[in-house]
Amino acid sequence: MQPSIPAVTLNDGTTIPQLGFGVFRVPDDEATPAVAAALEGGYRAIDTAAYYRNEPGTGAAIAASGIPREQLHITTKVWHTDLGYDATLAALDKSLTNLNLDYLDLYLIHWPVPSRDLYVDSWRALEKIKSDGLARSIGVSNFPIPQLERLLAETGTVPAVNQVELHPWLPQTALREFHTRHGIATQAWSPLGHGRLVSAPTVEQIAARHGKTAAQILLRWSIELGNIVISKSVTPERIRSNLEIFDFELTGEDHDLLATLDNGTRTGPDPAVYGAS
């Protein structure tokens, strides 16, 4: 029996499954079987990016799945070398071709790269992309508060989503509060801290108490915060296991224990400086 994944309604009225499947660092030829296994297991949201260089393999799995397009939620992202109005429009065309799709459900600016000062121009391109029906929703990824504030001040469109690194070491409390005030959905990447948090004694202790894996505890924690979560694996057993997080709840004590892990540790780049030449 396939799991029932809750849906989150975005600020533009569209919906997105709260748990999705990502293909970061998955080679193109491995993306096809991984995405196929995810779709067969019950995932309906797939997250890729131009930078991952696996849009063709991802698209092949989508096409072969036989699942009606309207039942799927497909996200990709424009890389920072394609920032700027015209470059972003061209990047979108290339991604649609690679994925063999007519439209995206969500298109994101992958990184703001404030040193290049092109993300507002790219956001205006995303506004056009949405108005042209080539993406049902538009958003950003790895945007700190100052860059979000500038988008809100200079354009008429609030991002539907901000996809950021988020796990118990880096719960992004201030950023999530900003999102809530402005109606931006928080989407978590690296919910397992690039796999490093699964061996944290606190997480292992909670997992043993619930009879769950450490990965399931970390995914459930993020879900209970109200985040949309991107999980990732190329192992069919783990792909299925990561879906088994909707049959239990963490306790208040569990949340208190996980809160003690907050130390500001990033396992990915700092978006304030990433991409600077």
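The legends below describe several close-up views of one predicted model.

**View 1. Eight strands close into a barrel.** In this predicted model, the strands of the barrel follow one another in the order E3-E4-E5-E6-E7-E8-E9-E10, and their pairing is parallel. From one strand to the next, the twist averages 30 degrees. One step around the barrel can be followed residue by residue: strand E6, residues 104–109, runs parallel to strand E7, residues 135–141, and five bridges join the two. Among the residues to look for is Leu108, whose bridge partner in E7 is Gly139.

**View 2. One cavity of 30 Å³ or more is found in the structure.** Rolling a probe the size of a water molecule over the atoms shows where empty space is left. The largest cavity holds about 40 Å³ of space, and 13 residues line it, with Ile16, Gly20, Ala45, Gln187 and Ile230 lying nearest its centre. Two or more lining residues come from each of strand E2 (15–17), strand E3 (19–22), strand E4 (45–47), strand E5 (73–78) and E10. E3, E4, E5 and E10 are also named in the order of strands that close into the barrel. When the residues of this lining are sorted by class, eight are nonpolar, four are polar and one is charged.

**View 3. The largest pocket contains about 900 Å³ of space.** Its lining is made up of 39 residues, and the closest to the centre of the pocket are Phe24, Ser190, Pro191, His194 and Lys232. The elements that contribute two or more residues to this lining are helix H8 (214–224), strand E10 (228–231) and helix H9 (236–241). Which element gives the most to the lining of the largest pocket? That element is H9, which supplies three residues. By class, the lining of the largest pocket combines 16 nonpolar residues with 17 polar and six charged ones.

**View 4. The second largest pocket contains about 270 Å³ of space.** Thirteen residues line this pocket, and those lying nearest its centre are Ala50, Tyr51, Arg53, Asp82 and Lys94. Helix H2 (55–65) and helix H3 (85–99) each supply at least two residues of the lining, and H3 gives the most, with four residues. Sorted by class, the lining of the second largest pocket has five nonpolar, four polar and four charged residues.

**View 5. Helices H2 and H3 meet at an oblique angle.** Two packed helices are described by the angle between their axes and the distance between the axes. The axes of H2 and H3 come within 7 Å and cross at roughly 45 degrees, and H2 is therefore oblique to H3. On the H2 side of the contact are Glu55, Pro56, Thr58 and Gly59, which meet Ser95, Asn98 and Leu99 of H3. By class, this contact of H2 with H3 brings together two nonpolar, four polar and one charged residues. Both helices also belong to the preceding view, where H2 and H3 each supply at least two residues of the lining of the second largest pocket.

Conventions:
Residues are numbered from 1 along each chain as its sequence is written. This is a predicted model: local features need pLDDT of at least 70, side-chain atom pairs count only at pLDDT 80 or more; totals for chains, interfaces and linings use all residues. Side-chain values use heavy atoms; hydrogens and water are left out. On a 1 Å grid over the protein atoms alone, a cavity is a set of points where a 1.4 Å probe fits but cannot get out, and a pocket is an open set with protein on both sides within 12 Å along at least five of seven lines; lining residues have an atom within 4 Å of a point. Grid points are joined across faces, edges and corners, and a volume is the space filled by probe spheres set on the points. Ala, Val, Leu, Ile, Met, Phe, Trp, Tyr, Cys and Pro count as nonpolar, Asp, Glu, Lys and Arg as charged, and the others, Gly among them, as polar. Axes are lines fitted to C-alpha atoms, for helices over the stretch in contact, and angles run from 0 to 180 degrees between N-to-C directions. Angles under 35 degrees count as roughly parallel, over 145 as roughly antiparallel, 65 to 115 as roughly perpendicular and the rest as oblique. Contact means heavy atoms within 4.5 Å. Two strands pair if DSSP finds at least two bridges between them.
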